[in-house]
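Reader: Hey, got a minute to walk me through this one? I'd like the overall picture before picking at details.

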Amino acid sequence: MLGAAAASLLLPLTACGTSEAGADGSTIKIGYIAPLSGTAALYAGGFTGGVESAVKVHEKSGGRKLVLKKGDDASDPATSTQVCQRFVNQDHVDLIVAGQPAANAQACRAVAAARKIPYVSFATGATEFCFPNMWNYGPSPKQAALPLIEYLLAHGSKRFYLVGTDSASPKATFAIVRSQVEAHGGTVVGTGYEPLGTSDFSPDISKIVSSGADTVFSAVVAGDNITYHKQFAANAGTKKLVQGDMQMVTKTARALGSAAAGVVYAGPYDPSARNAANTAYVAALKAAAPKVNPGDAILPYQGMALVGKALDGLPKGAKPTSAAIGKALSSAATDTPSGTLTAGANRYVTMPMRIWKVGADGAASSVLQTVPSADPSVGCRQ
């Protein structure tokens with residue numbers, strides 16, 4: 001029953017150019033997996049729209065043909081394993097691309113590793129993992145956290161309270177934040193974690209208000225972040241607190257409206273950028289996923305653009321080996337709507353990062369600060 005259920009989650013996307021991978025390597029078959037349902041599904045529309053639109057732009061520009069297979073990990077590591085087993089054993093994909101939480105990502109990556117199939121993550125890094133078959137094309141924890149915490153420290157924040165979901169990504173992020181705060185003479189006055197699915201953050205908010213913090217640094221994931229910010233804004237004791245949020249995205253800010261006003265967060269994309277890559281991206285996303293905001297789809301889009309660039313560099317003719325695909329993924333560089341992405345050490349990428357502040361209506365204001373080339377600075381662990 002479990003196998004049948006997992007198989008039913010795997011639905012083919014409309015093929016781009018052909019229905020199956022070419023035996024001569026003219027077409028590459030790619031498994032795409034993300035939490036399209038379940039507790040982490042808030043980001044599903046943006047991730048799928050980003051991947052699909054990147055493939056359309058890639059095909060239009062004459063790149064190597066890519067065939068996508070879509071899998072739903074249902075926000076569950078066991079389901080992730082089942083779906084990726086189908087990718088590997090039945091669909092015979094050449095590589096897997098993903099936007100998964102840490103536990104689901106490691107479940108899928110392990111399946112791919114058994115067959116030496118490359119696994120490429122577009123999500124913000126849950127921790128500094130380095131595996132031979134894993135490429136991290138999303139921001140590393142340091143790329144995402146350091147520009148934001150450095151901005152807050154430079155603008156007067158001294159006493160931080162950290163609150164997040166009880167999972168790998170917030171814990172990895174908070175270790176980085178604590179180290180940076182203390183290195184600059186600041187203090188972490190309290191830390192709180194809540195399980196995914198928490199509906200009442202009032203105990204945490206009461207602790208924050210009484211802690212003497214001047215800044216709250218949060219990493220509450222998925223739909224819980226909306227619940228948290230609504231309750232935070234409703235508490236009169238929070239009005240003077242500065243807020244930095246590692247999980248804020250445009251979709252969350254729009255859903256919160258005025259409850260997100262003033263929140264500062266980091267992200268690579270500037271929607272006002274006037275360049276050919278951004279023009280192509282906005283047009284492709286509008287065609288593939290008209291209801292998705294460009295800010296919500298940028299990580300998978302730019303990651304998939306880098307994958308496409310890597311694959312186009314492979315020799316034409318014979319079907320490429322996993323080793324050849326991996327080598328190409330490790331040395332690719334491309335211009336994206338956010339700026340230049342470059343694959344580098346330990347299979348992470350260098351990318352631009354920007355600091356944003358949410359406006360009164362839930363819309364992002366102008367960019368507060370730009371880091372043109374944020375280095376992932378990864379200290380690997382397995």
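Author: Sure, we can start with the whole chain and then look at a helix and a few single residues. Keep in mind that this is a predicted model.

Reader: Fine. How many helices and strands does the protein have?

Author: There are 12 helices and 15 strands. The radius of gyration is 20 Å, close to the 21 Å that the globule rule gives for 382 residues, so the protein is as compact as a globular protein of that length.

Reader: And what does the C-alpha trace span along its principal axes?

Author: About 65 × 50 × 40 Å.

Reader: OK, surface next. What share of the residues counts as buried, and how much area does the protein expose?

Author: Of the 382 residues, 55% count as buried. The exposed area is about 15100 Å², with carbon and sulfur atoms supplying 54% of it.

Reader: I'll be thinking about electrostatics too. How many positive and negative side chains are there?

Author: 33 positive and 25 negative, and the centres of the two sets lie 4 Å apart.

Reader: Switching to helices. What can you tell me about α2?

Author: Helix α2 covers residues 44-60, which is 17 residues. From first C-alpha to last it reaches 24 Å, close to the 24 Å expected at 1.5 Å a residue. Its buried residues include Phe-47, Val-51, Val-55 and His-58.

Reader: What covers them?

Author: The cover for the buried residues of α2 includes strands β2 (27-34) and β3 (65-72), plus helices α10 (276-288) and α11 (294-312). After α2 comes Gly-62, with a positive phi near 85°.

Reader: Positive phi on a glycine, OK. Which residues other than glycine have it?

Author: Ala-222 is one of them, with phi near 55°. Arg-347 is another example, at about 65°. For background, most residues other than glycine have a negative phi.

Reader: Where do those two sit?

Author: Ala-222 is in the loop between β9 (215-219) and α8 (224-234). Arg-347 is in the loop between β13 (339-343) and β14 (349-357).

Reader: Is Ala-222 buried or exposed?

Author: Buried, because its relative accessibility is 3%, and the cut-off for buried is under 20%.

Reader: Back to Arg-347, what's one residue that touches it?

Author: Asn-136 does. Asn-136 lies in strand β6 (residues 134-136) and, at 6% relative accessibility, counts as buried. Leaving out residues up to four places away in sequence, Asn-136 also touches Ser-121, Phe-129, Tyr-348 and Val-349.

Key: Residues numbered from 1 in each chain as written. Predicted model: local features only at pLDDT ≥ 70, side-chain atom pairs only at ≥ 80, totals over all residues. Heavy atoms only, no water. Helix = DSSP H or I, 4+ residues; strand = E, 2+ residues; numbered from the N terminus. Rg over C-alpha atoms; globule rule 2.2 N^0.38 Å. Buried < 20%, exposed > 50% of the residue type's maximum accessible area, 1.4 Å probe, protein only. Areas by Shrake-Rupley, 256 points an atom, 1.4 Å probe, with all protein chains shown as cover. Lys, Arg positive; Asp, Glu negative; His and termini not counted. Charge placed at Lys NZ, Arg CZ, Asp CG, Glu CD. Contact = heavy atoms within 4.5 Å. Expected span 1.5 Å × (residues − 1).
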